[in-house]
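Colleague: I'm new to this one, so please give me a close look at the empty spaces inside it and whatever surrounds them.

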Amino acid sequence: MNRNSVLVVTNTSVSVALLTIFLFAAGCHEAYTPRPKSYFRIDFPEKTYIPYQSECNYRFDYPVYAKIRPYQGPDAEPCWINIEFPGYKGIIHITYKTLHADLATHVEDIRVLAYKHIVKADDILERAVSYPERKVYGLVYDIQGNTASSMSFYLTDSTRNFLSGSLYFSVKPNKDSLAPVIRFFSEDIEHLIKTLTWSK
């Protein structure tokens, strides 16, 4: 190899090195734009409801994609049930009480239960329920934020029956990823409320 060949190789190497440094430096000055977080798309079933028939003193329609099972906890009482959504790790826990001039006590119990989430909640919105033709009255608590329960409610005829419920998910609370799921099952709670009747 002669001297001219060495110079050509050296000049080519220097040129490649300078070009690499220039491109790297130019790339470093570009503004970085972070991408927003994204979540998996969730496919929901079609809304279809069937009547819930039981020996208890209440009736309502529930979705065909749910399973109703008796509540098995240590504090379980007759007519307490879970409406389970296995594919979504969701559950509506339903309790029932026969009133004995103690309506105010049960109403306060549900209010306290809902506001236990105030520490982590962004907001708690209250909405009254009133269907005089069916003697169904109550209150819905829309609990917003990263909380264990996203919705609680109670329904009563004010004299004999008191039913309450709460929506839970057995996953770490994340209001962004759970938002579409909460909306979907909140509609099922609304349907339950609109179809609730008392047997006596």
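Modeller: One bit of vocabulary before we start: Ala, Val, Leu, Ile, Met, Phe, Trp, Tyr, Cys and Pro count as nonpolar, Asp, Glu, Lys and Arg as charged, and the others, Gly among them, as polar. What you have here is a predicted model, where local features need pLDDT of at least 70 and side-chain atom pairs count only at pLDDT 80 or more, while totals for chains, interfaces and linings use all residues. Residues are numbered from 1 along each chain as its sequence is written, and side-chain values use heavy atoms, with hydrogens and water left out.

First, the layout. The protein has three helices and 10 strands (DSSP runs, H or I of at least four residues for helices, E of at least two for strands, numbered from the N terminus). Starting at the N terminus, the order is α-β-β-β-β-β-α-β-β-β-β-α-β.

Now the spaces. On a 1 Å grid over the protein atoms alone, a cavity is a set of points where a 1.4 Å probe fits but cannot get out; a pocket is an open set with protein on both sides within 12 Å along at least five of seven lines, and lining residues have an atom within 4 Å of a point. Points are joined across faces, edges and corners, and a volume is the space filled by probe spheres set on them.

The largest pocket comes to about 310 Å³. It is lined by 16 residues, and Trp80, Thr95, Ile110, Leu113 and Ser164 are the closest to its centre. Strand E5 (90-98), helix H2 (103-115) and strand E9 (161-169) each give two or more residues to that lining, with E9 providing the largest share, five residues. By type, the lining of this pocket splits into six nonpolar, seven polar and three charged residues.

What do those elements belong to? E5 and E9 sit in an open sheet of seven strands, ordered E3-E4-E5-E9-E8-E7-E6, with antiparallel pairing (two strands pair if DSSP finds at least two bridges between them). Strand E3 (67-70) and E6 are the edges, each pairing on one side only. From one strand to the next, the twist averages 15 degrees (axes are lines fitted to C-alpha atoms, for helices over the stretch in contact, and angles run from 0 to 180 degrees between N-to-C directions). H2 packs on this sheet, in contact (heavy atoms within 4.5 Å) with E5, E6, E7, strand E8 (149-156) and E9, and its direction makes about 10 degrees with that of E9. E5 and E9 are joined by nine antiparallel bridges; in one of them, His93 has Ser166 in E9 as its partner.

Then there are the closed spaces: two cavities of 30 Å³ or more turn up. The second largest holds about 30 Å³. Around it you'll find Asp61, Tyr62, Pro63, Ile83, Ile92, Asp188 and Leu192. Strand E2 (58-63) and helix H3 (175-195) each supply at least two of these lining residues, and the largest share, three residues, is from E2. The lining of this cavity has five nonpolar and two charged residues, and no polar ones.
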